[in-house]
Amino acid sequence: MAASPQNPTAPRRKVSRHRGEGQWAVGHLTPLNGNEQFKKDDDGLNVRTRIETIYSQRGFDSIDPNDLRGRMRWWGLYTQRKPGIDGGKTAILEPEELDDRYFMMRVRIDGGRLTTQQLRVIGEVSQEFARGTADITDRQNIQYHWIRIEDVPEIWNRLEAVGLSTVTACGDTPRVMIGSPVAGIAEDEIVDATPALEEMQRRVLGNKAYSNLPRKFKTAISGSPLLDVVHEINDVAFVGVRHPEHGPGFDLWVGGGLSTNPKLGVRLGAWVPLEEVPDVYEGVLSIFRDYGYRRLRNRARLKFLVADWGAEKFRRVLEDEYLKRPLVDGPAPDEPVQQWRDHVGVHRQNDGRHYVGFAPRVGRVDGATLTKIAELAEAHGSGRVRTTVEQKMIILDVEGDQVDSLVAALEALDLTARPSTFRRGTMACTGIEFCKLAIVETKARGATLIDELERRLPDFDEPITINLNGCPNACARIQVADIGLKGQLVVDDKGEQVEGYQVHLGGALGLEPGFGRKVRGLKVTARELPDYIERVLSRYQEQREDGERFAVWAARASEEELS
C-alpha cells in the first residue's frame, strides 16, 4: 500500500466520497435507493392509466412489481396482508409472500368534510366492492379492504362523481390535509380555516410539482382553541391564534412525526394570516421536496431536516428562498381548556343549531352503518357530516328539537353520543387482520378491551386515552397516549411466544405535550391486558391528587406502581 507524503511509513487510507443525503437543492439528483429510482423512472400519478387500461382488465398477475408495491400508493392502494400469516413472520417473509391479491383503498377526506350524498356512496361502495369494510382512520380518512384490482376503475368513477378521491392518499406525497371537523360552525372558533384548506387542495392535489417527495407529508390546519388536529405530530401545521396587533391567524409549526423515531413539531414563531396560508404551505412543502433527505428511507421525513437545521434556519430558508418576504412574528397558541378534544356529545353551533359527535368502537364501522348515518343526518340535520382525528364522527346542523331523537337513533346503531371514558378514549390501527407490517391484532382486541373495562371500572370517568398499535410504526399514536400499547411478540408465564404489547405511559398532546414513559421490561400479553389496565388505573384513582391528570401521575409514579 502506498504511503502518504506526510508520513511515508503510514498506509494511505482509502478516501470515499460521501454521496450526500440525496438533497436535490444541493445537486444530489442521482437516486440512492430503489424507491427513489422507481419514482424517477415514472411519476406515481401516471400509474392510474395502467390500472384502468391494463391491470383492471388483465388481473392481479399483470401488475408490475414497482407499481404494485410502489406507485399504486399514489392512488390510495396498498396490497393487504394475506390471511393466516402470524406476526412472527412479518419481518421474515418477502413482500410477495405477505401480499394478498386484494387491496386496501384509502379515500381521502380533507378536513373530515363529507356530505350525506358522499357518505352514502362511500357506504354503497363498501357493501358492493369491499365486503362491507369501511374503517374511520385517525387522519379522518375512510379505509376499505378486500378491493379487487378489477373493480378499482368503477370505484373511482363512483367516488369522483360525488367529489371524492383517492389521489395521493398514500405514497411519498402530500397526504390528506386534516382539519377541524367543526370549522366554520363552532361557537368558540378563532378563525375558520376552510378557505385556506380548499386553496391548498386546489394547488397541490394531483400536481406533479409535489408528487415526488422524499417521504409522506402530513398536514394539519385548525382555527379551534381546542387544538383538535394533533398539530404537534404533523410535518406542517397551522394553529389558530389571535395576534395582539393583526388579529386572528395561524401559528406555524413544522417537523412533527411519530413512528420509530418520534419528534414533536417546533414553532417557527411566525404568524400567518388566513390568505397567506396556501403560499406558506407550498413553501414548506417545497423545502421538503428540495432539501429533504432521500438517501435513507428511515431518515427521509421532514422531522430529520428540521432537527438538523433548527427552527431559525428553517424559517430563514422559507422566507428568503421560497416566500421572498419575511413572516410576521406571532404568539404561541393557548393551552386548550379541556382534555377531550374530539367533539363527542351535543354542542351548540354559532348559528344556534347543534352538532352531535358520536363514537364508533375503535373506528370500526361498515358500509351499511355509514348509509344509515347518512339517512339520520338528512332526517335530523342539513346533510353535512364530519370525521375526526380520534376515529369519531359528527352530524352537523341539528335543530334543538331534533337532538334527542338523533341521539336515540344513534344509540340504536351502537354509535353513542354519550360514550364511556373507555369507548371515547380507545383507538386502534388496522392491525394484523389486514396490515402487512403488523405483528398483533388491534381492532377486535380494542373493542373487547372497551367492554371489559366498562364492566370492571364502571365509575371511572376521568379522560383517558388508550391507543393500540399493531407494530412499532405508531399509526395509532401510541407515544402520545395516556396508555400506549405497541404490538410485539412476548413470552408468557409458560415460556411460550404470544401476542402482546410494550407499554408507554403518560403521553399527551395539547395539554403539556410529550411522549409516554417506557417502564423497563414492562410488556403485557394480550390475555393479561385488561388485568394490567384495570390495575394501573385503579392505582391512579387511589394516588392521584386533586385534578391530577393520568399523564402527570404516570410521570411521578414509581416503576413498581406502573407495573
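This report walks through the cavities, a pocket and the nonpolar cores of the structure above, which is a predicted model.

Let's start with the enclosed spaces. A search of the whole structure turns up 3 cavities of 30 Å³ or more. The largest cavity holds about 340 Å³ of space. It has 24 lining residues, and those closest to its centre are Gln339, Arg341, Glu390, Thr465 and Val480. Helix α13 (421-425) and strand β16 (426-428) each give at least two residues to this lining.

The second largest cavity is lined by residues that include Gly111, Arg113, Gly179, Ser180 and Ala183. Here α7 (194-204) and β7 (217-222) each contribute at least two lining residues.

Next comes an open site. The second largest pocket has a volume of about 260 Å³, and among its lining residues are Arg108, Asp110, Arg113, Gln118 and Gln201. Arg113 thus appears in the lining of the second largest pocket and in that of the second largest cavity.

Here are the linings by residue class:

| Space | Volume | Nonpolar | Polar | Charged |
|---|---|---|---|---|
| Largest cavity | about 340 Å³ | 10 residues | 6 residues | 8 residues |
| Second largest cavity | about 60 Å³ | 4 residues | 6 residues | 1 residue |
| Second largest pocket | about 260 Å³ | 4 residues | 5 residues | 3 residues |

Finally, the packed interior. Which residues touch the most other members of the largest nonpolar core? They are Tyr144 and Ile395, in a core of 54 residues. Leaving aside residues up to four places away in sequence, Ile395 has contacts that include His354, Phe358, Ile373, Arg384 and Leu410. A second, separate core has 39 residues, among them Val236, Leu252, Phe288 and Val317.

How values were computed
Residues numbered from 1 in each chain as written. Predicted model: local features only at pLDDT ≥ 70, side-chain atom pairs only at ≥ 80, totals over all residues. Heavy atoms only, no water. 1 Å grid on protein atoms, 1.4 Å probe; cavity = no way out; pocket = protein on both sides within 12 Å on 5 of 7 lines; lining within 4 Å. Points joined across faces, edges and corners; volume = space filled by probe spheres on them. Nonpolar A, V, L, I, M, F, W, Y, C, P; charged D, E, K, R; others polar. Core = buried A, V, L, I, M, F, W, Y, C linked by side-chain atoms within 4.5 Å. Buried < 20%, exposed > 50% of the residue type's maximum accessible area, 1.4 Å probe, protein only. Contact = heavy atoms within 4.5 Å. Helix = DSSP H or I, 4+ residues; strand = E, 2+ residues; numbered from the N terminus.
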